[in-house]
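The following exercises concern pockets and helix packing. Each task is followed by a solution in steps.

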Amino acid sequence: MSEFFDELETQDATAREQHLLGQLPELIARAKADCDYYRSSLIDVDPQTITSREALEKLPILRKSSLIKLQQQQYPFAGINSNNAPIERVFQSPGPIYDPQGSGSDYWRTGRAFYAAGFRQGDLVQNCLSYHLTPGGFILDAGAKACGCSVIPAGPGQTEQQLEVIKHLKPQGYCGTPSFLNILRQKGDISSIKKALVTGEALPESLRLSFEDSGISVLQAYANADAGLIAYESKAKMGMIVAEDIIVEIVRPGTNKPVSEGEVGEIVITCFNEAYPLIRFATGDLSAVLPGQSPCGRTNMMIKGWLGRADQTTKVKGMFVHPEQIEQIVCHYPSLNKARLVVSSKNHNDEMLLICESSEPESINEAELRDRIKAVTKLTGRVKLVGLNCIANDGKVIEDLRVYN
């Protein structure tokens with residue numbers, strides 16, 4: 001039996017990149033023809049010119065944080081869905097945000113994550129994500145079935161009943177959040193479970209090691225209701241491997257601009273989904289690209305996994321300040337590499353300090369930069385110029401140091 005879900009996982013990296021980029025013109029042309037949203041947002045885009053990452057970077061970003069307002073203007077999916085593809089289910093995620101499920105047996109493409117975690121034909125899997133309104137339970141259900149597994153649709157909670165099911169049916173696998181797996185382990189005998197695919201929250205390494213001490217191999221999947229599988233772990237546990245059929249970019253929060261390899265930024269995906277095409281969709285999650293390839297033999301790009309949230313909007317003196325505004329300030333100065341707005345409080349008064357990395361700090365007029373801050377944010381802020389690589393690589397554009405007692 002192969003250790004890989006399919007041959008795509010080990011294909012030449014250059015060939016994969018060329019194949020994905022080669023599909024962009026058709027994706028964009030179809031989206032403009034079939035989707036109300038893209039017909040408007042990409043009105044001036046010639047699909048045949050979008051054949052490289054550089055060309056893709058010029059397209060507008062659709063941020064998950066804007067979906068609530070967009071959907072309120074056009075229910076249920078803001079016109080992002082295709083008018084010519086069937087929708088089998090409609091889900092509601094917190095927000096609320098409405099998510100479609102198109103046709104297909106593994107619509108969210110999570111099968112390869114289960115396979116990498118060791119799930120195989122004939123395994124019985126207890127699925128402990130919710131099947132009620134939200135798509136989580138269905139996302140994992142479909143992926144387990146794609147590996148030939150049978151699924152117990154347990155959902156979350158009802159610990160005693162779940163333990164009774166485990167006692168009687170002795171499932172070999174678990175999928176759901178790591179915290180609920182830990183609750184089950186603490187409350188009863190789950191020794192039949194030898195493998196788990198977890199998602200939905202962070203997995204501390206200490207918790208993973210404790211599962212392994214209990215005889216449970218635990219790997220992670222990073223997926224969401226909008227795009228399905230984005231990345232997943234393999235037995236090598238050297239980062240998360242990007243799914244085969246999407247394009248991933250990492251951009252500076254609040255901007256359209258990709259960051260350098262290794263720098264933390266917001267995950268942006270392009271997904272070739274006929275029912276719900278997503279073109280430069282910003283997930284709101286932070287991560288960074290890892291160098292090289294996984295020692296497990298899979299050849300796709302690797303990312304670090306979830307490193308926090310990208311939406312860093314904060315309120316200063318009653319005014320909202322957004323990451324996009326910091327980019328508006330920085331873009332006027334070619335020698336500025338990046339900037340971070342630090343918000344603090346002194347004597348119960350909010351203060352702003354804009355720290356700017358510059359290759360030529362002596363060329364920056366600080367008074368002019370302070371005026372620029374006020375023009376963009378309508379607030380007064382101080383400026384601190386530093387050399388390159390002085391700002392921490394953590395994806396933060398706005399850092400709020402205020403403490404409220």
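**Exercise 1.** Which element supplies the largest share of the lining of the second largest pocket?

Solution. The structure is a predicted model. Begin with the extent of the second largest pocket: its volume is about 400 Å³. Next, consider its lining of 21 residues, among which E17, R53, V248, V289 and M301 lie nearest the centre. At least two lining residues come from each of α1 (13-22) and β11 (246-251). The largest share, five residues, belongs to β11. Sorted by class, this lining holds eleven nonpolar, three polar and seven charged residues.

**Exercise 2.** Determine which elements give two or more residues to the lining of the largest pocket.

Solution. The largest pocket holds about 1,000 Å³ of space. Its lining consists of 37 residues, and T199, G200, E201, Y222 and A223 are the closest to its centre. The elements that give two or more residues are α7 (136-146), α10 (205-213), β8 (217-224) and β13 (278-287). Of these, β8 provides the largest share, with five residues. The class composition of the lining is 16 nonpolar, twelve polar and nine charged residues.

**Exercise 3.** Classify the mutual orientation of helices α8 and α9, and identify the residues in contact.

Solution. The axes of α8 (residues 159-169) and α9 (residues 178-187) come within 10 Å and cross at roughly 75°. Angles of 65 to 115 degrees count as roughly perpendicular; α8 and α9 are therefore roughly perpendicular to each other. On the α8 side, the contact is made by T159, Q162, L163 and I166, and on the α9 side by F180, I183, L184 and K187. By class, these comprise five nonpolar, two polar and one charged residues.

Methods. Residues numbered from 1 in each chain as written. Predicted model: local features only at pLDDT ≥ 70, side-chain atom pairs only at ≥ 80, totals over all residues. Heavy atoms only, no water. Axes fitted to C-alpha atoms, helices over the stretch in contact; angles between N-to-C directions. Helix = DSSP H or I, 4+ residues; strand = E, 2+ residues; numbered from the N terminus. Parallel < 35°, antiparallel > 145°, perpendicular 65-115°, else oblique. Contact = heavy atoms within 4.5 Å. Nonpolar A, V, L, I, M, F, W, Y, C, P; charged D, E, K, R; others polar. 1 Å grid on protein atoms, 1.4 Å probe; cavity = no way out; pocket = protein on both sides within 12 Å on 5 of 7 lines; lining within 4 Å. Points joined across faces, edges and corners; volume = space filled by probe spheres on them.
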